[in-house]
Each structure stands twice: as structure tokens, then as C-alpha cells.
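This report describes the model displayed below, proceeding from strand pairing to helix packing, the metal site and the aromatic contacts.

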Amino acid sequence: MRARRLTLIFAAFAITTAVAVTAFSLLRSLIEPPARSGVAQVGGPFQLINHLGQPVSEADFKGRHMLVYFGYTFCPDVCPIELQTMSEALDQLGEAAQSVKPILITIDPERDTPEVLAAYREHFHPSLVALTGTVEQVRQAAKAFRVYYARTDDSADYFMDHSSFVYLMDPQGRYLTHFRPATSPEEMAKRIRAAL
Ligand code: NI
């Protein structure tokens with residue numbers, strides 16, 4: 001009798017655990033891109049405009065790793081912190097940073113013109129490229145990288161809600177890994193170095 005009750009308790013525990021683990025991984029897949037898998041599911045072709053006003057596509061970055069972040073220049077907190085982290089990580093990589101291209105893609109193309117981006121990028125790593133485009137071009141790029149963004153309101157000084165991951169892509173433009181918000185520059189540099 002006692003053994004049977006224990007068996008039931010263990011079975012109930014195992015089922016509860018399995019359900020919880022499944023629910024957690026489902027939830028996680030909704031908010032975060034997948035860990036590296038055989039096929040690239042993050043990234044892809046994009047057509048955008050750089051901070052010099054020139055058209056660029058993913059093909060222009062082939063041959064170097066891309067360190068990609070989607071954000072916007074009016075962001076009061078998260079974006080500048082993440083861009084600063086990318087900049088410090090590249091500084092820590094030293095010579096190896098030459099094979100990594102840091103890229104900011106705006107999710108606010110209506111305000112982030114090439115001129116605005118050109119001024120903004122001056123605050124960060126000298127090799128940072130800042131990209132904008134038409135609303136549709138930006139939408140396509142964000143979709144390829146599974147980036148969520150939305151305008152918060154209709155006022156003139158609106159904010160943008162957006163996901164905030166830094167993506168590391170290989171020299172063929174394929175997804176390697178991503179960094180969660182608030183990753184330290186040391187951690188980012190270490191993991192980039194390991195991936196080069
Ligand atoms: Ni932001």
C-alpha cells in the first residue's frame with residue numbers, strides 16, 4: 001500500500017515536471033531565438049541604407065562576422081547600454097575585432113534618418129555601421145532576425161517597445177549565437193572570441 005502510494009507520488013511528480021519543462025521551453029521559444037541549430041533560423045537577406053545614405057545588403061558584410069543589434073537612437077536606456085557593451089567587447093577583442101562588424105539596425109526608420117544615425121554612431125565603436133531604410137525594408141530585416149518592435153503611442157516623442165538581443169552571425173551571414181540583455185562586455189568578448 002505504502003509502496004503503491006509512493007509510486008503514485010513519483011508518477012505525479014514526473015508528469016508535473018514534464019509539463020513544466022515543456023511549458024517553459026515553449027514560452028522561451030516565444031521570447032528568445034533558438035540556440036544554435038543545424039539550420040539558420042535567424043537572419044537572412046536584407047536591403048537597407050547605411051548612415052552615409054548608401055544602399056547595403058547582407059552581401060556587403062560577407063567575409064566578416066556580424067554583430068547585429070536592432071534598436072533606435074531615441075531609446076533612453078537599453079539601446080545605448082547594449083551598443084556600449086558591444087563597443088567595449090570589441091575593444092577587449094583587440095586585433096580580433098577586425099573580423100567582426102558591429103551593426104545597428106534601427107527599428108524607428110521614420111526618425112532615424114542616415115544623418116541622425118551618422119551622428120549617433122559617433123558615440124560608439126568606430127567600426128559601428130548604422131542602418132535604416134524604408135518602413136517596409138526595416139520590417140523585413142526585423143522579421144528575418146525575429147525582432148519584435150512596436151511604437152508605444154502616437155505622440156511626437158514616442159518610444160519603441162522592442163526585443164533587445166545582440167546576434168552574432170558567421171562570415172556567411174548565418175546565425176551563430178545571441179547575447180541576452182545585460183550581458184557583460186567581458187562575457188560578450190569571451191563568447192565572440194570562442195566563435196571566431
Ligand atoms: Ni531601446
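Which residue in strand 9 is the bridge partner of M169? The bridge partner of M169 is Y175. The model is predicted, and the sections below set this pairing in the context of the whole fold.

## Overall architecture

The protein comprises 5 helices and 9 strands. Read from the N terminus, the order of the elements is α-β-β-β-α-β-α-β-α-β-β-β-β-α. The chain contains 196 residues, of which 42% are buried. Among contacts between residues at least 6 apart in sequence, 69% connect residues at least 24 apart.

## The hairpin of strands 8 and 9

Strand 8 (residues 166-169) and strand 9 run antiparallel and are joined by 4 bridges. The M169 and Y175 pair belongs to this region, with Y175 located in strand 9. The hairpin has 5 residues between its strands, and G173 adopts a positive phi near 85° there.

Strand 9 spans residues 175-179, and 5 of its 5 residues are buried; the strand is therefore largely enclosed by the rest of the structure.

## Strand 5 and its neighbours

Strand 5 is covered on both faces. V129 and L131 are buried on one side, while A130 and T132 are buried on the other.

Two further strands pair with strand 5. Strand 1 does so in the antiparallel sense, over 2 bridges, and I49 stands opposite T132 of strand 5. Strand 4 runs parallel to strand 5 and is joined to it by 3 bridges; here I103 stands opposite V129.

## Helix packing

Helix 3 (residues 114-121) has P114, L117, Y120 and R121 as its buried residues. These cover an arc of only 125° around the axis, which puts them on the same side of helix 3. Their packing partners are strand 1 (47-50), helix 2 (78-93), strand 4 (100-106) and strand 5 (129-132).

In helix 4, the buried residues are V138, A141, A142 and A144. Viewed down the axis of helix 4, they fall within an arc of 160°, so they line one face of the helix. This set packs against strand 1, strand 3, strand 4, strand 5 and strand 6. Strands 1, 4 and 5 thus recur as partners: they are listed for the buried residues of helix 3 and also for those of helix 4. Just after helix 4, R146 takes a positive phi of about 55°.

## The nickel site

Which protein atoms are the donors of the nickel ion? They are SG of C75, SG of C79 and NE2 of H162, lying 2.1 to 2.3 Å from the ion. Along the chain, these donors follow the spacing C-x3-C-x82-H. C75 lies in the loop between strand 3 and helix 2, whereas H162 lies in strand 7 (residues 160-162), so the pair ties together parts that are 87 residues apart in sequence.

Are C75 and H162 buried or exposed? The cut-off for a buried residue is under 20% relative accessible area. C75 has a relative accessibility of 8% and therefore counts as buried. H162 has a relative accessible area of 17% and is likewise buried.

## Aromatic and charge–ring contacts

A pair of aromatic rings is described by the distance of the centres and the angle of the planes. The structure holds 4 aromatic pairs. One of them is formed by F70 and F145, with 5.3 Å centre to centre and 50° between the planes, a tilted arrangement. F70 lies in strand 3 (residues 65-71) and F145 in the loop between helix 4 (135-144) and strand 6 (149-151), so this pair ties together parts that are 75 residues apart in sequence. Both F70 and F145 are buried. Ring pairs also bring in Y167, giving a cluster of F70, F145 and Y167.

Two arginine side chains are placed over aromatic rings. The charged end of R111 sits over the ring of F74, at 4.1 Å from its centre. The charged end of R151 sits over the ring of Y158, at 3.6 Å from its centre.

Methods
Residues are numbered from 1 along each chain as its sequence is written. This is a predicted model: local features need pLDDT of at least 70, side-chain atom pairs count only at pLDDT 80 or more; totals for chains, interfaces and linings use all residues. Side-chain values use heavy atoms; hydrogens and water are left out. Rings of Phe, Tyr and Trp (its six-membered ring) pair if their centres lie within 6.5 Å; planes under 30 degrees apart count as stacked, over 60 as edge-to-face and the rest as tilted. Buried means under 20% relative accessible area, exposed over 50%, partly exposed in between (1.4 Å probe, protein chains only). A charge sits over a ring if NZ of Lys or CZ of Arg is within 6 Å of the ring centre and within 35 degrees of the ring normal. Two strands pair if DSSP finds at least two bridges between them. The arc is that of the directions from the helix axis to the C-beta atoms. Contact means heavy atoms within 4.5 Å. Donors are N, O and S atoms within 2.8 Å of the metal (3.2 Å for Na, K and Ca); water is not among the atoms, so sites may look incomplete.
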